[in-house]
Amino acid sequence: MLPPTIDARDVTIRFGSLTAVNRVSLTVAPGEVFGLLGPNGSGKTTLIRGLCGLVPLAAGKAMVLGRDVATESERVRAQIGYMSQKFSLYEDLTTRENIEFYSGIYGLSPAEAKARSEELMELTGVAPYLDQYAGRLSGGWKQRLALVCALLHRPRLIFLDEPTAGIDPVARRDLWDLLFRLAAEGISLVITTHYMDEAERCARVGYIYLSNLLVLGTPHELKQMPGVTPPGARWLEIYNADSANLLLRLRSLPGVLQATIFGQSIHALVREGCTNAELGLSQARVVETEPSLEDVFVTISRMQTDKKTS
Amino acid sequence: MLGEFSHQRMYAIARKESLHIIRDPATLFFALFIPVLELFMLGYAIDTNVRFVATVVFNQCRTEESKRMIRMFENSKDFRVIKEVYSDAEMNSMIVSGKAQVAIKIPEDFSRQIEAKRSAQILVLVDGSHSSVAGVALNVSNAIALQESLKQYFSERTLLIESRPRILFNPDTRSANFFIPGLMVVMCQMMAIMLSANAIVREKEKGTLEQLFMTPVRASELILGKLIPYLVLTLIEFGTILFLMWSVFQVPIHGYVSTLVGLTFPFTLTFLGMGLYISTRVDTREAAGQMAMGTMMPSIFLSGYIFPLDSMPTFFWYVAFIFPTTWLIDAARGVILRGAGWSELWLHAVVLWGMGIASFALAAAKFRKRLS
């Protein structure tokens, strides 16, 4: 088996007295699509910066692409790609100029740069926009251009910090197709996102809450976690005409541990033994289901908060 | 080549930065146009030499001698008689209303006193609200009175001592010769500090700096790559002002331009470094602009650019020499007006190069520590 692309052990990052990342351990395998989830400000971006060697680790050790980020940050950065949520290329430069700039920054020879950018233009389809100012491109094309710039130096690992925030669904789907093609070539991807459907696409998912990595596993494993579905409880998917009022009523019942609206339906965690009639659901269509990833993250966040307050 | 300074990366940054400059014609226009505008303002409009001061005359004596006295005032070219008045009240109101800055009153007994070999008096009222005008009016009227009394005293004999002043280096005492070298220095300073402070802060604002830090680019490559285009631009501006000074305003350059460039280069480096330092402290271009302006103030008022150093209190005279601007303005006037060379300006060179290297090195170290 190949050595892991990322091997982080007890990574801790502090800013003064604030602990932004607390003893996070994780591994990412070559070609793996790894999802990093968690609320804003939970430490996802800081963790990524730590794994690139941009912020010093207060404790722990991180090996990225076989190198210690604490001592070989520059070499690590030469082999990783990074794409941030905010478009971070130069808007007053054309697509071509941005690509040329990053080719220079990554030290590509003119011949290499030409060959590689042609290859990437084929992959992403940005060729027709070469002479347009990057600032005039639409959100989806901006992200593709950002991806081209992040891939010029053939990185073996790419960090994508909310790459699909604010772009339309079609562009989002296209971008994911691209990402899977990269993963198929053996490139590891670490992606942060708030979209649950994107989390479901990841091979493995880590959930960071208040600087701690709470859970780590495949989406399927996370849904099976005992804490998420306590003994003697089950998840129901309830279809009813008046979901909003039903939700309020369900939440007031002692037999209902959790309830939330999910599109057309209500997701509820109810105690075993509570019949549909007791819950006033004789009229509604009720299906037993497994928890969604969102259910998982909400439940473990609450458990963590309860632990802290008690 | 990893782990070492890469010229390719530095060149990529410099090229990109040049594109930013070209793509932002507004900034470029203002950076180059404002100094030229100021040059024309200072060169044409402002004349600190006092000439043709508006003067009223109240001649109560009306003799041939008194009229000759008034002609002497007029002939000096420092005074311009705008009106003759016939009462004290009228004379006073001309001064108070600001229509005249000087009033000359020759009393009735002026000629009689001279004939009687007694001291004849003339009254010169000077509006002190313009200090430089008042000073000139006082000096000139004293000189005229003195000269006239000497002539009366020695009548037909020649004067024993005559002062024949000759003004060196700026024979016409033209203001342009005094101001433009200073302007050139102050404009270079403003441009260097503004451009370099903005260069990094703009990337911070747009989030592009974060992306750059994810690449193997080093702080030294980033700093040099960014500052080289700005250094070139600042020196172009310097050259433009120098050329216009010489061609349009006919200020002769007595020394070597190479001396001037050799001193301006470290000076520019000092302020590029300062701008860089500012950019590590603030996150918005607005804040950077304010901090940059803050450093401009003492440089303008204490550098001898407008107000002569020699008339400053001793304490401020010493303070003035903390600013590199003071050194370069002095040196620039030396080279341009007096033809000074390295043998006269070696101390300036040592100080300016020292400041330039120190400022740049400190800023670069600070930048590296804070951002990477």
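**Close-up views of chains A and B**

**View 1. Strand β1 of chain B and its parallel partners in the predicted model.** In chain B, β1(B) and strand β3 (residues 102-106) run parallel and are joined by 5 bridges. Within this pairing, Val56(B) is the residue that stands opposite Ala103(B) of β3(B). Strand β2 (residues 79-84) of chain B also pairs with β1(B) in the parallel sense, again over 5 bridges, and here Ala54(B) has Arg80(B) of β2(B) as its bridge partner. Between β1(B) and β2(B) the chain passes through helix α3 (residues 64-75) of chain B, and the β-α-β crossover formed in this way is right-handed.

**View 2. The surroundings of strand β1 (residues 53-59) of chain B.** Because 6 of the 7 residues of this strand are buried, β1(B) is largely enclosed by the rest of the structure. The strand is flanked in the pairing pattern by β2(B), with which it shares 5 parallel bridges, and by β3(B), to which it is likewise joined by 5 bridges in parallel.

**View 3. Glu148(B) in helix α6 (residues 131-154) of chain B.** How buried or exposed is Glu148(B)? Glu148(B) has 17 other C-beta atoms within 10 Å, a count that lies between the limit of 12 or fewer for an exposed residue and that of 20 or more for a buried one, and it is therefore partly exposed. When its neighbours within four places in sequence are left aside, Glu148(B) is in contact with Met69(B) and Met72(B). The C-alpha atom of Glu148(B) is separated by 10.0 Å from that of Arg68(B), although these two residues are 80 residues apart along the chain.

**View 4. The two domains assigned to chain B.** Domain 1 of chain B is made up of two segments, 7-46 and 173-371, whereas domain 2 is given as residues 53-154. Taken over C-alpha atoms, the centres of domain 1 and domain 2 of chain B are separated by 49 Å.

**View 5. Chain A, with its 10 helices and 14 strands.** Taken along the principal axes, the C-alpha atoms of chain A fill a box of roughly 75 × 45 × 40 Å. Chain A has 310 residues, of which 42% count as buried. Where contacts in chain A link residues at least 6 apart in sequence, 70% of them join residues at least 24 apart.

Technical notes
Residues are numbered from 1 along each chain as its sequence is written. Chains are lettered from A and ligands numbered from 1 in the order in which they are written. This is a predicted model: local features need pLDDT of at least 70, side-chain atom pairs count only at pLDDT 80 or more; totals for chains, interfaces and linings use all residues. Domain bounds come from an automatic or database domain assignment. Helices (H or I, at least four residues) and strands (E, at least two) are DSSP runs, numbered from the N terminus. Two residues are in contact if their C-beta atoms, placed from the backbone, lie within 7 Å. Two strands pair if DSSP finds at least two bridges between them. A crossover is right-handed if, with the strands pointing away from the viewer, the path from the first strand over the helix to the second runs clockwise.
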